[in-house]
Amino acid sequence: MKIWTLFSGSSGNALLVEQGSCRILVDAGVGVLILKRALAALGVSYDQIDALFLTHDHSDHVKGVPAIARRSSFPIYGKREVLRAVADAGEIPHARLRPLSGPVELGSFEVNFFDTPHDATASCGYRLRAGGRSFSVMTDLGHVPEPVFEAVRGSDMILIESNYDRELLRNGSYPFFLKRRIEGDFGHLSNDDCAETVCRLFECGTRHFLLGHLSRENNRPERAIQCTCDALTRLGVSAGEATVDVAPRDCASRGFVL
Ligand SMILES: [Zn+2]
Ligand SMILES: [Zn+2]
């Protein structure tokens, strides 16, 4: 399985997962041409994509969906309420929309979804299995309830949100109501929340972590990495036992091979 994040953060999210000739996109929160260019840089065109899975209907995850739907023919999966909201906003033919009700099999992939706590119409994360490996996407989470933890437990690699540094958020310029929303149980995970969860996940077998959805205003890649790596070190994990990377905001990550 090969994984690239294409964009990650509050200005837009999308990632690509490939196994053999099957390719899956998760989220499309950038404009249609921007996404097309990012895929083309990896040698991929829209007609080589087999499906798009949506986590939720905030614009940094679905902005490009209506225009992408007009230029492609792949099915679009998501929670029923999310698909309805996206379709209402952009006239997407109903035949393209596939409400999630259980595992989805595509090529050699099996894709499972799990509900996440977040202040969208509805929201979920995904675990993609193929070739005996699995990759999970857990982003836009106000906190990590046990069912979410159980859904991703034991994944080989996890994209986990590390949205904000508490100190930068509290001292930053965001209005008070927005700070409360971000820090709340249905907002985003801080670097500390992420680090704590990464340690638990490491203890359950995960070795590769990709920190994503970093805030431009309230975080720095080096702070996010440091926070999680320090927590792993305190746990007794030595360098080489786990990998921790940050998903770049405006460009594709390197390809991660599982
Ligand atoms: Zn988001
Ligand atoms: Zn969101």
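These points concern strand β2, its two strand partners and the nonpolar core in a predicted model.

1. Strand β2 covers residues 14-19, and six of its six residues are buried. The side chains split into two sets: A14, L16 and E18 point one way, while L15, V17 and Q19 point the other way. In a regular strand, side chains alternate between the two faces of the sheet. Both sets are buried here, E18 and Q19 included.

2. On one side of the pairing is strand β1, residues 2-7, which runs antiparallel to β2 and is joined to it by five bridges. Within this pair, F7 has A14 as its bridge partner. The two strands form a hairpin with six residues between them. G9 lies in that turn and has a positive phi of about 140 degrees.

3. Strand β3, residues 22-26, is also antiparallel to β2, again through five bridges. V17 of β2 stands opposite I24 in β3. The β2 and β3 hairpin has two residues between the strands, and G20 takes a positive phi near 60 degrees.

4. The largest nonpolar core has 67 residues. Which of them touch the most other members? They are L15, A28 and L211. L15 belongs to the set on β2 that also holds V17 and Q19.

5. A28 can be followed further through its contacts. Leaving out residues up to four places away in sequence, A28 touches A14, L35, L52, V62, G64, V65 and I68. One of these, A14, is the β2 residue bridged to F7, and A14 points the same way from β2 as L16 and E18.

Note on methods: Residues are numbered from 1 along each chain as its sequence is written. Chains are lettered from A and ligands numbered from 1 in the order in which they are written. This is a predicted model: local features need pLDDT of at least 70, side-chain atom pairs count only at pLDDT 80 or more; totals for chains, interfaces and linings use all residues. A nonpolar core is a set of buried Ala, Val, Leu, Ile, Met, Phe, Trp, Tyr and Cys residues joined through C-beta atoms within 7 Å. A residue is buried if 20 or more other C-beta atoms lie within 10 Å of its own, exposed if 12 or fewer, and partly exposed in between; C-beta atoms are placed from the backbone. Two residues are in contact if their C-beta atoms, placed from the backbone, lie within 7 Å. Helices (H or I, at least four residues) and strands (E, at least two) are DSSP runs, numbered from the N terminus. Two strands pair if DSSP finds at least two bridges between them.
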